[in-house]
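Me: Please take a close look at a single part of this model, the place where two chains meet. I would like one connected answer.

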2 protein chains.
Amino acid sequence: MTAPDLATLRAAFAGRLLTDAGDMAPFLTDWRGRYTGRALAVAQPDSTADVAAVVRWCVAQGVAVVPQGGNSGLSGGATPDASGNAVVLSLARLNRVRAVDPVGNTLTVEAGCILANVQAAAEAVDRLFPLSLAAEATCTIGGNLSTNAGGTAVLRYGNARALCLGLEVVTADGEIWDGLRTLRKDNTGYALRELFIGAEGTLGIITAAVLKLFPRPRGRAVGWAAVDSPAAALDLLAHAQAGLGDTLTAFELVSDVALELVIEHFPGSRAPLGGTSPWHVLIEVSSLESAAAAQAALEAALTKALVSDATLAASEAQATALWALRENISEAQARAGKNVKHDIAVPIAALPAFITAASRDLHAAFPGIRLVVFGHMGDGNLHFNVSPPVGADHDAFLRNQDAINRIVHDLVAGFDGSISAEHGLGVLRRDEAARYKSPVELALMRRVKTALDPAGLMNPGKVIQ
Amino acid sequence: MTAPDLATLRAAFAGRLLTDAGDMAPFLTDWRGRYTGRALAVAQPDSTADVAAVVRWCVAQGVAVVPQGGNSGLSGGATPDASGNAVVLSLARLNRVRAVDPVGNTLTVEAGCILANVQAAAEAVDRLFPLSLAAEATCTIGGNLSTNAGGTAVLRYGNARALCLGLEVVTADGEIWDGLRTLRKDNTGYALRELFIGAEGTLGIITAAVLKLFPRPRGRAVGWAAVDSPAAALDLLAHAQAGLGDTLTAFELVSDVALELVIEHFPGSRAPLGGTSPWHVLIEVSSLESAAAAQAALEAALTKALVSDATLAASEAQATALWALRENISEAQARAGKNVKHDIAVPIAALPAFITAASRDLHAAFPGIRLVVFGHMGDGNLHFNVSPPVGADHDAFLRNQDAINRIVHDLVAGFDGSISAEHGLGVLRRDEAARYKSPVELALMRRVKTALDPAGLMNPGKVIQ
């Protein structure tokens, strides 16, 4: 086989092509620095037609295509492998807002639109696009959809999947599927849209999407409550859901270790409540009327739930400060050194039992570890992260990663949970997922992969081997 | 090829097998009486393992499998073809509620559970399962999921697809895929669940599902407003959504012809408002608190929207009476004689223009026709039905069906709409859908079909040819 001729790729599409090692470097390593690969080139098309042209060239040459958005994924899904026989296809220059319809409440955007810009485009027509997550200033909507991103608003608005009405996709043949429907209802065939969402670019490349917009809340209330246990937090959740319904927009659990870590590493931050407590809950209520209405509803819910130790933000500034305690946990962990992360989900009712069992087994196997547990309790989704004992060597501790994963993921599987609730599989969790899936499910997934990507050139090695 | 030996089918599973022509008859004709087919037998397994055994027998014998739930579909999706080389697989005896979890808000039911029983199982734990449609006393949840059913609560809760967390499916090989996850978040691979939902049994047979439950509203308010035009109705919708958010649970449009038809054919029913109006809107608001709260919210919204001619139900009995005016339209049409039905969706903002254009073109082509237009305006979904002129021969009129479909569906396609918003394709709309879909989309659908049903035995001839 002769080496691919990049001049023909340059000619095949009208866009930008990076081939210099220095230019390509930022595209070849994931942002956590866990994965570094090689590539023939980085293609930066700025139109769907050019994405298709790049794919057709890759198909003709037998070269793999690795689509990449903001390169902010946590599972290595956008990094090429070490073979070097790949073109990284950056969607970053496909960043136009194509249409906005405040009557039908839809927004049509290209895949490379940065999430924060999508949110802003919605706000410009007095609507809400609710997807919100830590990387929103850099991640792209194409990546969000390809990984079916979660974030802080899933409890009320659902995952990225639930926020999408239509897609435009470049198929593995380099054809363009125009599925950019703006309809709320369309039962005319197989759920192709759903298939491409969450497939991490292994079945085709999302180039544009129609997103759902929502009425923009006029105000919010944010509260912070101390609870004795995950079971008590669960009780509070049940009360909040029954009383607040869909005005309840967030219900986040934070362990004492996680809170202390933020306070230690973010000067100026402080615990919202006096005294100590093993667990904390951040609750957010939104109102279409006003912040005052949200405040009243949250106060009523906390009173009804007999929560004794809680505080309500008295201003937007205080609300932001409470949220910062939650949102800065990941960064505080990073500042504290290396750790072993998990992004798991179990049935909501099983959360307390899971936390108890996982904590017990991990402490028994690795005395002195610190469990940085936090996450979207309302979704049954926890970031169950394991930091080394104080003073321990972090790199040495990380060599226990597989053993730690096994304890956590075996328990997750025992509770019929998920080992990747919102981060996707990429390469990080690909084999781990295959370990727990049934042969029937793996066979179905392989059939789908082979059907839509018969040459196996679409982001190979990701999701399924 | 030798004829299949039904004794081996009887032996292959422990369930019931109907082979007598009289016993089979009710399973061989759809409830509207539009399609009648033939079958070797009707199998009535009562367990998933037995469903799998039936499928394996069919695969071994090269016999088609036609899954059937409540046989209440509107597109002929559950009726075997005329070849006679099929087993109708009735899911009706798989009707157990397997689990209910009021903490995680999930309900696990078998495919043959009647929708009304699913609703009742939710209510028994003080929760709401919101899917609601005219056939709910006979249709099954397996059929609802296989056709991605819509109904009256889509505006607030979404289609059947949005209400499902997990599935159990018997594959085309007769294997059992256990995808009965109760998780709100799980990003560990391709969206197999989504693929089987809405596939009308052409990719596999849904045997059980995990459904989402919601807090049960404590009360509702129902209002009826007269509006001058679809555009005015759309204005009212925008006001209602902005002010009521997710407490707005229904927004239904009713044309004067539709209302008059109900009043004519349902003795005792009467127009809610004095005077005449070309268009009417039924609005429902739900409250987690009380009917009084819902009433106050709806009143405020109508006042804010400057609606002059409206009435609010003063009691649950009155609310039911208003809903009856909407729900009895289909039956009133049936009593009035034959008509040509459409189940279309267009972008919500395009509804007025679509109604204007379709009315104009139909009246021009078929003078004297009556347009029975009604439906889920909040979802952009209308039942745009065409009745013959007063006194015309209904059977003769029905011979115009293709020409009428062409006018309506060409306009729908021109507005980037859907020719089957909530009824599915079955055989009724299969070729019509293929007419409007792109070659790329049809090719993708065929690849999926071939991948999951290589022998082509799963409900052949439905959805895609």
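Reply: What follows describes the contact between chain B and chain A. This is a predicted model, in which local features need pLDDT of at least 70 and side-chain atom pairs count only at pLDDT 80 or more, while totals for chains, interfaces and linings use all residues. Residues are numbered from 1 along each chain as its sequence is written, chains are lettered from A in the order in which they are written, and side-chain values use heavy atoms, with hydrogens and water left out.

Chain B brings 81 residues to the contact and chain A brings 80, where contact means heavy atoms within 4.5 Å. Together the two chains bury about 5,900 Å², 59% of it on carbon and sulfur atoms; buried area is the accessible area (1.4 Å probe) that two parts lose on being put together, summed over both. Of the area that chain B buries against chain A, 18% comes from B:Lys185, B:Asn187 and B:Tyr190, more than from any other three residues.

B:Lys185 also forms a salt bridge with A:Asp379, with the closest N and O atoms 3.3 Å apart. A salt bridge here is a side-chain nitrogen of Lys or Arg within 4 Å of a carboxyl oxygen of Asp or Glu. Between chain B and chain A there are 10 salt bridges.

On the side of chain B that touches chain A, helix 17 of chain B gives the most, with nine residues. Helices (H or I, at least four residues) are DSSP runs, numbered from the N terminus.

How values were computed: Helices (H or I, at least four residues) and strands (E, at least two) are DSSP runs, numbered from the N terminus.
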